[in-house]
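The report below concerns the fold, the nonpolar cores and the aromatic pairs of one protein chain. It is best read alongside the sequence and the coordinates.

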Amino acid sequence: MIKSYKYLDILYYAFAFLLLLSVFYSNLFGVLDKNFQKDDEELIFARLLSSENNGILEHSGLVGTYGKWNHLNNNQEKLYYNRTIINENLYIPYQSQIGGQAMIYSVFGLYLPYDNLTKYAIFQFITASLSALVFLFFLIWTKRHFGIITFISTLFFIVLSFWIILFSNKLWWNLWSFYLPFVFMLFYLDKNNINQIST
């Protein structure tokens, strides 16, 4: 009987993860706006292109743009997709945020044997997967403490949350990293309480 409950839990968690991933990455409910926060994503595109052409630590690894950053109209995405060779003197680093995630994706990009459009889709898939995973751990904690009804209702509200979905696969924001400390502390405090009870 206990084993059957464990298998059932695995099915719940697998379903939740696949649903979250589908919503976050493939726009299952049609919520994602491809142009949302496109100006911030341009900083990632330029960093990926600079890393591809001149190395990951070019411009100290900072994100930036080729030419002046225009929030309304920028072409960094096209430059990246076309693998444009461009004068690095035109690169303007964005110094308000390091953008370390762009350096990490740049490393992956060096070893992926695909065109840049496919690489970017893979990077979005990784980001959406990490977002789904972090929310899954929150759901696991929720089920352990409050039961299956709360688990299902929480999952329901997450997959219908407009703002979570909009940010869930954006390389600039990496939504999963915002929630990671919170989820980590939930499990850490659980473990700490168990240790206190057993001693």
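Read along the sequence, the chain of this predicted model follows the pattern α-α-β-α-β-α-α-α-α-α, which comes to eight helices and two strands. Of the 199 residues in the chain, 40% are buried, and the chain exposes about 11700 Å², with carbon and sulfur atoms supplying 66% of that area. Among the contacts with a separation of 6 or more, 76% are accounted for by residues 24 or more positions apart.

**Helix α5 and its ends**

Helix α5 covers residues 116–146, and its 31 residues reach 44 Å from the first C-alpha to the last, close to the 45 Å expected at 1.5 Å a residue. At the start of α5, a side-chain oxygen of Asp115 comes to within 3.1 Å of the backbone nitrogen of Leu117. At the other end, Gly147, just after α5, takes a positive phi of about 95°.

**Nonpolar cores**

In soluble globular proteins, nonpolar side chains tend to be buried together. The largest nonpolar core in this chain has 23 residues, and those with the most contacts inside it are Leu20, Phe24, Phe135, Leu139 and Leu155. At least two residues of this core come from each of α1 (2–26), α5, α6 (148–159) and α7 (162–167), and α1 gives the most, with seven residues. A second core, separate from this one, has 18 residues and includes Tyr66, Tyr91, Ala102 and Phe123.

**Aromatic pairs**

The count of aromatic pairs comes to 24, and two of them are set out here.

| Pair | Geometry | Centre to centre | Angle between planes |
|---|---|---|---|
| Tyr105 and Phe123 | tilted | 4.9 Å | 40° |
| Phe137 and Phe187 | edge-to-face | 6.0 Å | 90° |

The pair of Tyr105 and Phe123 links distant parts of the chain, since Tyr105 lies in helix α4 (residues 100–111) and Phe123 in helix α5, 18 residues apart. Tyr105 counts as buried because its relative accessibility is 4%, under the 20% limit, and Phe123 is likewise buried, with a relative accessible area of 0%. Phe123 also belongs to the second core.

Phe137 lies in helix α5 and Phe187 in helix α8 (residues 175–198), so their pair ties together parts that are 50 residues apart in sequence. Phe137 counts as partly exposed at 37% relative accessibility, and Phe187 is partly exposed as well, with a relative accessible area of 22%. Both values fall between the 20% and 50% limits, which means that neither Phe137 nor Phe187 is classed as buried. A nonpolar core is by definition a set of buried residues, and therefore Phe137 and Phe187, being partly exposed, cannot be counted in one.

Ring pairs also link Phe162, Trp163, Phe167, Trp173 and Phe178 into a cluster.

**Ser106 in helix α4**

Which residues does Ser106 contact, leaving aside its neighbours within four places in sequence? Ser106 is found in helix α4 and counts as buried, at 4% relative accessibility. With those neighbours left aside, Ser106 is in contact with Arg47, Leu48, Ser51 and Ile56.

Technical notes
Residues are numbered from 1 along each chain as its sequence is written. This is a predicted model: local features need pLDDT of at least 70, side-chain atom pairs count only at pLDDT 80 or more; totals for chains, interfaces and linings use all residues. Side-chain values use heavy atoms; hydrogens and water are left out. Helices (H or I, at least four residues) and strands (E, at least two) are DSSP runs, numbered from the N terminus. The expected span of a helix is 1.5 Å times one less than its number of residues. A polar contact is a pair of N or O atoms within 3.5 Å; within protein, one must be able to donate a hydrogen and the other to accept it, and residues adjacent in sequence count only if both atoms are side-chain atoms. A nonpolar core is a set of buried Ala, Val, Leu, Ile, Met, Phe, Trp, Tyr and Cys residues joined through side-chain atoms within 4.5 Å. Buried means under 20% relative accessible area, exposed over 50%, partly exposed in between (1.4 Å probe, protein chains only). Contact means heavy atoms within 4.5 Å. Accessible areas come from the Shrake-Rupley method with a 1.4 Å probe; for residues, only the protein chains shown count as cover. Rings of Phe, Tyr and Trp (its six-membered ring) pair if their centres lie within 6.5 Å; planes under 30 degrees apart count as stacked, over 60 as edge-to-face and the rest as tilted.
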